[in-house]
Structure formats: C-alpha cells, structure tokens
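Subject: Structure for your review

Dear colleague,

Please find below the structure that I am handing over to you, with its sequence. My findings follow directly after it.

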Amino acid sequence: MNQGPSSAPPTPPSAHPLLITDFLFRARDMFGDKEIIDHVDGAEVFRYTYRDYADRVLRLASALIASGIRPGDRVGTLAWNHRRHLELYLAVPLAGAVLHTINVRLAPDEIAYIVDHADDAMIFADPTLEHLLTTARAQRPDMPVVPIDADAAPSGADSAIAAISLDSSTRTVGSCPTTGSAVARS
C-alpha cells in the first residue's frame, strides 16, 4: 500500500519542548501589530505592540546577561501586575535564569527566608514594595535590588531595568544595551 511521499508518522506534540518563551516569539510573529495596553486604576498608562514588547524583552534579557546573570541563577521579582513585570516574566528565562516571583502579601521576615532559600542573585522590586525587602537586604547586603519604575513614561530606548544603584559596594560590569546606563553587580 503506497502512502505517498509523506508516509512518515507526524511528529508528536511532545517532541517539541513546552517553553514559556515560545509565547513571546509566537506573539511577535503572528500578532506583531496587536497592542498590549497597560492600565493603572482604570486609566491607560501605556500601549505598545507585541513586536515592540518582544524587542524590549530581548533587550532586557541581554541587559540581565551583561549584568552578570548566568544560566541557573534565580532572579526574584517583587512587583505589581504591570508591563515591566510582564517583560521580566519572559526576559529572565530568555537569559537562562529562573524567575522567582515573590508573594507581595508575605511579611518581611518570610520574604527574607524565601529569598535566602532561593539564593536569588538579583531582585527587581516596585518602589512601593521595597520596604518588604528590608530584612532580606540586611541578611544579604551584596544582593542587588533593582527598582522597577512602572509609571515612568518610556523613551525610545527605555529599558525595563530602571538602574542598579552604584555605590561603594558595587562595581560596574557593563552597561544596559538599551539605555547605556551602568549595570552593576556586587
């Protein structure tokens, strides 16, 4: 019985790994002109296309790598639900790291325990939530905490990384490819 040139059985769906980052490329390639609209308290604060979103995520992943994040590192986020957190949600895995979302409802001591147990290499935090990291920062003073500026009006080369503060305990290891700002790691 001749089944023609395509007699090989189809590749089963399980042969392709399920990666969260595939959502980024599918959205960019199939729905690039569709918009993501960010609202705060019912008011639109920002809008951009999936194509622009993918570009920002890829640049953020590059900035994470330039800052010293390596495959397998844990990157924590203590953030509200907004576009900057969405960008981190895919940039961290694209950089080869593990995204560690930290529950904003926990007490500072609980957060410190979890951050220490996870051995987070870096944490991105909304400024309104940074006070929850006081104990964690005291226990791990060398761990960079990057403020997320969710309400800043974006500029052409804006990045989801606000900036990593440079002080006497940090050293510059590169610059953010999107803003040129120094990116540091203790």
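I begin with one pairing in the middle of the chain: strand β5 (residues 120-125) and strand β6 (residues 145-147) run parallel to each other, joined over three bridges. Within this pair, I123 is placed opposite V145 in β6. To get from β5 to β6 the chain passes through helix α5 (residues 134-139), and the resulting β-α-β crossover is right-handed. Please bear in mind throughout that the model is a predicted one.

Overall composition

The protein has 186 residues, of which 39% count as buried. It contains five helices and eight strands. Read from the N terminus, the order of these elements is α-β-β-α-β-α-β-α-β-α-β-β-β. If one takes the contacts between residues at least 6 apart in sequence, 56% of them link residues at least 24 apart.

The parallel sheet

β5 also pairs with strand β3 (residues 74-78), again in the parallel sense, and this pairing extends over five bridges. Here L78 faces A125 in β5. As to its surroundings, β5 is mostly covered, with six of its six residues buried.

These pairings belong to an open sheet of four strands, arranged in the order β4-β3-β5-β6 with parallel pairing. The edges are occupied by β4 (98-101) and β6; each has a single partner strand, so one side of each lacks a neighbour in the sheet. On average, neighbouring strands of the sheet are turned by 25° against each other, with direction ignored. Helix α3 packs on this sheet and touches β3, β4 and β5. The direction of α3 makes about 145° with that of β4.

The contact between α1 and α3

Two packed helices are described by the angle between their axes and by the distance between those axes. For helix α1 (residues 21-31) and helix α3 (residues 83-94), the axes come within 9 Å and cross at roughly 115°. The crossing of α1 past α3 is left-handed. On the α1 side, the contact is made by T21, L24 and F25, while α3 contributes L90, P93 and L94. Sorted by class, the residues of this contact are five nonpolar and one polar, with no charged residue. Helix α3 thus appears twice in this account: it touches strands of the sheet, and it is in contact with α1.

Two residues with positive phi

Two aspartates may be worth a look when you inspect the backbone. D41, although not a glycine, has a positive phi of about 50°. D41 is located in the loop between β1 (35-40) and β2 (43-49). Is D41 buried or exposed? Its relative accessibility is 81%, and because the cut-off for exposed is over 50%, D41 counts as exposed.

The other residue is D119, whose phi is near 60°, likewise a positive value in a residue other than glycine. D119 sits in the loop between α4 (108-118) and β5. With a relative accessibility of 41%, D119 counts as partly exposed, since this class covers the range between the limits of 20% and 50%. β5, which follows this loop, is by contrast mostly covered.

With kind regards

Methods
Residues are numbered from 1 along each chain as its sequence is written. This is a predicted model: local features need pLDDT of at least 70, side-chain atom pairs count only at pLDDT 80 or more; totals for chains, interfaces and linings use all residues. Side-chain values use heavy atoms; hydrogens and water are left out. Axes are lines fitted to C-alpha atoms, for helices over the stretch in contact, and angles run from 0 to 180 degrees between N-to-C directions. A crossing is left-handed if the near helix is turned anticlockwise from the far one by less than a right angle, and right-handed if clockwise. Contact means heavy atoms within 4.5 Å. Ala, Val, Leu, Ile, Met, Phe, Trp, Tyr, Cys and Pro count as nonpolar, Asp, Glu, Lys and Arg as charged, and the others, Gly among them, as polar. Buried means under 20% relative accessible area, exposed over 50%, partly exposed in between (1.4 Å probe, protein chains only). Two strands pair if DSSP finds at least two bridges between them. A crossover is right-handed if, with the strands pointing away from the viewer, the path from the first strand over the helix to the second runs clockwise.
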